[in-house]
Every structure is written in C-alpha cells, then in structure tokens.
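Trainee: I keep running into words like "buried", "paired" and "pocket". Could we go through what earns each label?

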Amino acid sequence: MISMANALHNAAMTCGFPSLSTLRAMHKGKHIELKRMAVPIKAKSNSDFDDSGVDISLSHRVDAVKLSKTLAICDHATALSQSGVPVIRLFFGESDFDTPAVIAEAGMNAIRDGYTRYTPNAGTLELRQAICHKLKEENGIIHSPDQIVVSNGAKQSIVQAVLAVCSPGDEVIIPAPFYVSYPEMARLAHATPVILPTHILNDFLLDPKLLEDNLTERSRLLILCSPCNPTGSVYPEKLLEEIAQIVAKHPRLLVLSDENYEHIIYAPATHTSFASLPGMRDRTLTVNGLSKTFAMTGWRLGYIAGPKHFVAACGKIQSQFTSGASSISQKAAVAALGLGYAGGEAVSTMVKAYRERRDFLVESFRDMDGARICEPQGGFYVFIDLSSYYGRQAEGFGLIENSDSLCRYLLEKGQVALVPGSAFGDDSCIRISFAESLSTLSTAVDRIKNALISLSS
C-alpha cells in the first residue's frame, strides 16, 4: 500500500489537485480515500494488437480524420514516375516560379549573419509590424502587433484557430467546394463540419439564404476562402456584405477568412478582406501566408490576424506545438512584404503568366463536348465538370464511376495527375493546377482530351 503522502503527491501531479502542502494543511490527521475517475475504455479486438502483442490502436481523433486525397494522388504519380512513366503532375498547389531573388537573398543573409536562433512564439516584432502595415495598406484592416501570430504556414494558422474557438458539438460552416483540410480540421476539434453546396452556374459562390437557413445556436465558425481553392471564385464585395449582415445576427458566429491567394487575381475581379467590412473586424480571423503570392511554399510561413483574445489563444496552442516559426523564413518574409503593394513587379510578373495559362486552359476546355468550366477569377486552378463521362466503361480499366475513378483513369491512360473533386466536396469536377509552363499544360491538355475521346468511343 502506498503512503497517503505519496498518494496525495500523485494526485496533485496527474489530476490538477491542490499542492501536497495545501492538502496536508487541509486534511491533517484525517484519512483520505482516493478514487480513480472512471474513464470509458474502448473494448479491444484482436485487430488492435500486432503479432507481438503490442496494442496498435489509435485515438478516436485520428480515426475520425481522413487521409488527404492529394497525398494519395501524389504517391500514385510518384510510383509511376519512378517506374519510368512520364507523368505530368498538375495536382500540387505550388508555383513553378522560384522565390524572387531579393527574398532568397534576405534568407541567405540571415544565415550568414547568424540569425538562426529561436524567435518569440508569436513571431518577430519586425515581421509582425510589417504584417500590420500590409494589412492596413492593402486590406484596410487595422491591427496591432499583439494581434498577429506567425506560424509555420497558413495551414497551421487555420487549424490552431479552429482548435482555439471550437468546442465539442460546435458547428463549422464550410461552403463546398472547399480546401481539402477544412472539414478534417473541424473534426480534430471535435466540432461538426456543416457543408453548404454551391454550384458551377453561380460561380461556386455561397448563397446567403442557404447560409442563413443553416445557422443554429451551435454555429461557431464560418470559413470563407477568396480567391477560392479549388474553384478560383472571388467573392464580390456586395455578396460579402450580405453575408456580413447575416453574421451580425448571430453573436456566437465567427468568420475565418482564408486569403492566401489574394494577390493572384485577374482583373476586373478585386479582393475584399472580410474583416474590412463594417462591424466585422472583431468577428473575423484573417489568415494569410507567403507561399502562394511569393512562391515560398518551402519556407513555411503564414500568419493569423484578429481580435487579441482569439489570437492569443492561437498563440497559446502554438507555444505547445511548434513554438515560433523559422527565424530565417521570417527575415525573408520581411523582405517579401517590403517589395511594395501586392508584391510589386515580382508578383505582377507571375500573375501575368498565370493569367495566360488560365486563358489557355479555359479556351481548351470551354467548347469540348461533355465539359463545363467556370472561368477562375483568382488562384491557379481550374475546376472543371466532367461528370458527363461517369458511367462509361474504359477498356482495360473498368467503369468510370466518379471523380476518383476518372482521375485514376486519366493518370493511367493519359499520364496526367489531377485531383478528384470529391476531395473538395464536389464529386462532379476535377481540379487542374496551371502552376506549370504553357508547354507543359499544352501537352497535358492533349493527353487528357485523347484519353477522354478514347473513353467516349
């Protein structure tokens, strides 16, 4: 039998009880009976143990999360490439441009100057001040440095925000098509993703009435992405104002505005930050990053801006996950934000090339039988409806049932790797990235069309 002192010490360490000295003072001379709290344990089946008898079961949290389909496509394409198949990879959301030289030089200078140590958890003051300046000048949002947390990519910023504001049973409202990770992030927080469909005939934009009809007392977070991945849709300011009026009626409802593609946008479309709308700054968590605009995917840097109360909670989570982002990347980010409005000439050159590629793909598929396409207003993807090919038999392959099987067919028959729309919540479409050269895209279009013609016949 363990002593009462040891028992009290163990309780204090594991259960958050008062300190041992406090308990001694409270219970001096009294016998204390310690009880373990009953915790429901999932019954183990034989499949939970490996051949050596080790319990290999996983948490319910992990079991609830789906593996990213983009990673599955990547693995399949990589296997084919390694076997000698010349696969064209149009599934990654990654620019084919190099990081602008001035940004890369800033990173190299940081290394040479020995700027390679830990930074504050929320990011360097220099970078957070640069972000505040950017938000004021480009987005019309006024925040102070203590309302910014810099993370290892915008993806980390988003998941920390969901974890910070959502409790079990809360609902996260997500328009579809959506970025693949949004629903899984909600599930990690034990919240319920509520998917609201949009339609290609309406440019994949959320209908405000559909939003209003689906809000409940459990609605906690609305995620908006503009320009949208995967559709390239850009929310007009007037539509965002209608959504803001609905949000204002629901005190518990916050908005997470994912603006990673804000500067990859094609006139006459313009970007509006949700937090810049009247009354929305205190209801909005704005997420952005450097990866898309400045071709800095490997530098892993993103940030969140919003009300101090919520942003501080995100910082608390980050302090126990990764702590601060790379010191080298933060120096490079300061240089990136110093290139001028919207990234200056370096970014405008990239956007001009993206527009040419977009126009090429839209023209290539617009008049093709069995295809429907919505011209993207931003980003570097087209989301094309090829559902008319479902239900057809492919010789040597089998039945084309959905976007998953169509993408597998196009990979095996056409040697082009694409992402099925099912990954984004719309099984009627597939996503094609045009973050590749025009010559590569031209070859890819020929392969896709030939494969579809073969399927038609």
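Mentor: Sure, let's take the labels one at a time, keeping in mind that this is a predicted model.

Trainee: Why is Cys 407 called buried?

Mentor: Buried means under 20% relative accessible area. Cys 407 comes in at 2% relative accessibility, so the label fits.

Trainee: And what makes Cys 132 buried?

Mentor: Run the check again: Cys 132 has a relative accessible area of 10%, and the cut-off is under 20%. Therefore Cys 132 is buried too.

Trainee: How many disulfides turn up in the whole structure?

Mentor: A search of the whole structure gives 0. To count, a pair of cysteine sulfur atoms would have to lie within 2.5 Å.

Trainee: Let's move on to Ser 405. Where is Ser 405 found, and why is Ser 405 called buried?

Mentor: Ser 405 sits in helix H14, which covers residues 403–413. Its relative accessible area is 1%, and since buried means under 20%, Ser 405 gets the label.

Trainee: What makes the link between Ser 405 and Glu 401 a polar contact?

Mentor: A polar atom of the Ser 405 side chain lies 2.8 Å from the backbone nitrogen of Glu 401. The limit for a polar contact is 3.5 Å, so that distance passes.

Trainee: Now strands. How do you know that E2 and E8 pair?

Mentor: Two strands pair if there are at least two bridges between them. Strand E2 (residues 148–151) and E8 have 4 bridges, in the antiparallel sense, so they pair. In one of these bridges, Val 150 is partnered with Tyr 303 in E8.

Trainee: Which strand has Thr 286 bridged to a residue of E8, and in what sense do the strands pair?

Mentor: That's strand E7 (residues 284–289), which pairs with E8 in the antiparallel sense over 4 bridges. The partner of Thr 286 in E8 is Ala 305.

Trainee: Which way do the residues of E8 point?

Mentor: Gly 302 and Ile 304 point one way, Tyr 303 and Ala 305 the other way, and all are buried.

Trainee: Last one: what lines the largest pocket?

Mentor: The largest pocket holds about 640 Å³ of space. It is lined by 30 residues, and among the closest to its centre are Gly 93, Lys 155 and Tyr 179. By class, the lining has 14 nonpolar, 10 polar and 6 charged residues.

Trainee: Which helix gives the most to that lining?

Mentor: H7 does, with 3 residues.

Technical notes. Residues are numbered from 1 along each chain as its sequence is written. This is a predicted model: local features need pLDDT of at least 70, side-chain atom pairs count only at pLDDT 80 or more; totals for chains, interfaces and linings use all residues. Side-chain values use heavy atoms; hydrogens and water are left out. On a 1 Å grid over the protein atoms alone, a cavity is a set of points where a 1.4 Å probe fits but cannot get out, and a pocket is an open set with protein on both sides within 12 Å along at least five of seven lines; lining residues have an atom within 4 Å of a point. Grid points are joined across faces, edges and corners, and a volume is the space filled by probe spheres set on the points. Helices (H or I, at least four residues) and strands (E, at least two) are DSSP runs, numbered from the N terminus. Ala, Val, Leu, Ile, Met, Phe, Trp, Tyr, Cys and Pro count as nonpolar, Asp, Glu, Lys and Arg as charged, and the others, Gly among them, as polar. Buried means under 20% relative accessible area, exposed over 50%, partly exposed in between (1.4 Å probe, protein chains only). A polar contact is a pair of N or O atoms within 3.5 Å; within protein, one must be able to donate a hydrogen and the other to accept it, and residues adjacent in sequence count only if both atoms are side-chain atoms.
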